[in-house]
Amino acid sequence: MKPNFTLRLRVFNLNCWGIPYLSKHRADRVKRLGDFLNMESFDLALLEEVWSEQDFQDLRQKLLPTYPAAHYFRSGIIGSGLCVFSKHPIQEFTQHVFTLNGYPYMIHHGDWFCGKAVGLLVLHLSGLVLNAYVTHLHAEYNRQKDVYLAHRVAQAWELAQFIHHTSKKADMVLLCGDLNLHPKDLGCRLLKEWTGLCDAYLETRDFKGSEEGCTMVPENCYVNRRELEQFPLGIRIDYVLYKAVSGLYISCKTFKTTTGHDPHSGTPLSDHEALMATLCVRHSPPQHTSSHSHGPAERSALISVLREAWTELDQGMAQALWWATITGYVIGLGLLLLALLCALAVGGGIREVAILLWTPSVGLVLGAGAVYLFHVQEAKGLCRARAELQHVLGRAREAQDLSPESQPALQPGRQEGDRAEEQ
């Protein structure tokens, strides 16, 4: 590799809002997206919410001359909605489906059926190894009363861990996607602190686009403006994050977003704004370090965010165990009711009534049983993530030479969670 080596990487990211039968003008938007990607000829185009595999196949056929490599990540019942198109050959790919992803009985939200995940592509560019990740975390439906907060924090931690463990042989790391997290949200801070990823919007030398880099803006005709009442400029929940490893330095030369309309003309490509970044990779100057160093200040910030995440997961686990306990009582009462109905049916006193109540009673027991099993599994998943956080927090404290007395006091819910994990 030459000392003055420089590599330019152009990246595109978009949450396509491609829900079959529900998303407005889906077919037209997919067609125009393909035209735009062909015209711009990015190195990588990473997409979310391509829920229809036929839409992916249509895009693949249209983009084949410009992007000969492509992959669609399949998971869940509906699918992850993640896909990627690349100018460069894909050397390897894999995916990780998040352990926790909402509640199956929240059918109107539907995240559980999607199998939210993170997809990984390994590319070789001019002798360098690029790990490119694309992801989509659980949506935030009510910011004031966010029942999915613990799940989204757990997903952010799983995402950070997946990147941490799979990128050790990479020279460059790129993460694009809809995180459904505001920049200062706990999950976003946890992801950045643990992985050392840089935010293209914050690091770029040249930004053009929506104010404050927002990726859902009220000017977009597909956006429900009532959901943005508290945010008059919009919200930023889609990201291009990156970092360099092994003696390299990455800078974001340009960063652009669409501004509520088609990049050229017509209606928007989606209810989210598209992100376009130009990254420059070169040998690290002496004043730069390519690795994510944890000095005293950085370690203190890491410890702080780990504590917050630990507390949030602990509260989520206590809630999951509460629901498991309640449904356990319902199962017990349902079984007692079934036993009583059997006795009444055999005795012949009110046999017709007993037979009539049998079916709904069985349904109650089976339904409560399903909810019980789900929340037990939820508690185990949260307990596992919390245990990982506790271990990392302990190691970070050791590195900072903190006293054992500064360890956070364990709450009663932890003992219950440990027992649930051992069962």
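**Entry 1: a charge and a ring**

Which residue lies over the face of Tyr-222? I looked it up, and the answer is Arg-29, at 5.4 Å from the ring centre. A reminder to myself before going on: this is a predicted model.

**Entry 2: the sheet**

Next I traced the strands. I found an open sheet of six strands, and I wrote down its order as 5-6-7-8-11-9, with mixed pairing. Strand 5 and strand 9 (198-199) are the edge strands, since each pairs on one side only.

How do strand 6 and strand 7 run? They run antiparallel, and eight bridges join them. I picked out one place to look at by eye: Leu-123 has Leu-130 in strand 7 as its bridge partner.

Then I checked what packs on this sheet. Helix 4 does, and I saw that it touches strand 5, strand 6, strand 7 and strand 8. The direction of helix 4 makes about 165° with that of strand 7. Helix 5 packs on the sheet as well, touching strand 8, strand 9 and strand 11. For helix 5 I noted an angle of about 10° with the direction of strand 11.

**Entry 3: aromatic pairs**

How many aromatic pairs does the structure hold? The count is 18. I opened up two of them.

One of the pairs is Phe-36 with Phe-42, which is tilted: the centres are 6.2 Å apart and the planes make 50°. I looked up how accessible each partner is. Phe-36 has 6% relative accessibility, so it counts as buried. Phe-42 is buried too, at 1%.

The other pair I opened is Tyr-103 with Phe-374. This one is edge-to-face, with 5.6 Å from centre to centre and 70° between the planes. Where do the two partners lie? Tyr-103 is in the loop between strand 5 (90-97) and helix 3 (111-114), while Phe-374 is in helix 8 (residues 351-399). The partners are 271 residues apart in sequence, so the pair ties together distant stretches of the numbering. Are they buried or exposed? Tyr-103 is buried, with a relative accessible area of 11%, and Phe-374 is buried at 12%.

I also followed the neighbours of this pair. Tyr-103 and Phe-374 belong to one aromatic cluster together with Tyr-105, Tyr-141 and Tyr-148.

**Entry 4: salt bridges**

I searched the whole structure for salt bridges and got 17. I kept notes on three.

The first note is on Arg-32 and Asp-28, whose side chains meet at 3.0 Å, N to O. Why are these two separated by about one helical turn? Because they are four residues apart in helix 1 (residues 26-40). Their surroundings I noted one by one: Arg-32 is buried, with a relative accessible area of 17%, whereas Asp-28 is partly exposed at 38%. The cut-off helped me here, because buried means under 20%.

The next note is on Lys-116 and Asp-111. Their closest N and O atoms are 2.7 Å apart. Lys-116 counts as buried at 2% relative accessibility, and Asp-111 counts as buried at 5%.

The last note is on Arg-143 and Asp-185, which meet at 2.6 Å, N to O. This pair links distant parts of the chain, 42 residues apart. Arg-143 is in the loop between strand 7 (128-136) and helix 4 (149-166). Asp-185 is in the loop between strand 8 (172-178) and helix 5 (186-195). Arg-143 counts as partly exposed at 32% relative accessibility, and Asp-185 is buried at 13%.

Which residues do shared partners join into one network? I listed Glu-140, Arg-143, Asp-146, Arg-152 and Asp-185.

**Entry 5: backbone angles**

To finish, I looked at phi. Most residues other than glycine have a negative phi, so I was curious about exceptions.

Ser-126 is one of them, with a positive phi of about 50° although it is not a glycine. I found Ser-126 in the loop between strand 6 (117-125) and strand 7.

Where is Glu-212? It is in the loop between strand 10 (207-208) and strand 11 (238-244). Glu-212 is not a glycine, yet it has a positive phi of about 60°. At 49% relative accessibility, I put Glu-212 down as partly exposed.

Methods:
Residues numbered from 1 in each chain as written. Predicted model: local features only at pLDDT ≥ 70, side-chain atom pairs only at ≥ 80, totals over all residues. Heavy atoms only, no water. Phe/Tyr/Trp six-rings, centres within 6.5 Å; stacked < 30°, edge-to-face > 60°. Buried < 20%, exposed > 50% of the residue type's maximum accessible area, 1.4 Å probe, protein only. Lys NZ or Arg CZ within 6 Å of the ring centre and 35° of its normal. Salt bridge = Lys/Arg side-chain N within 4 Å of Asp/Glu carboxyl O. Pairing = 2+ DSSP bridges. Contact = heavy atoms within 4.5 Å. Axes fitted to C-alpha atoms, helices over the stretch in contact; angles between N-to-C directions.
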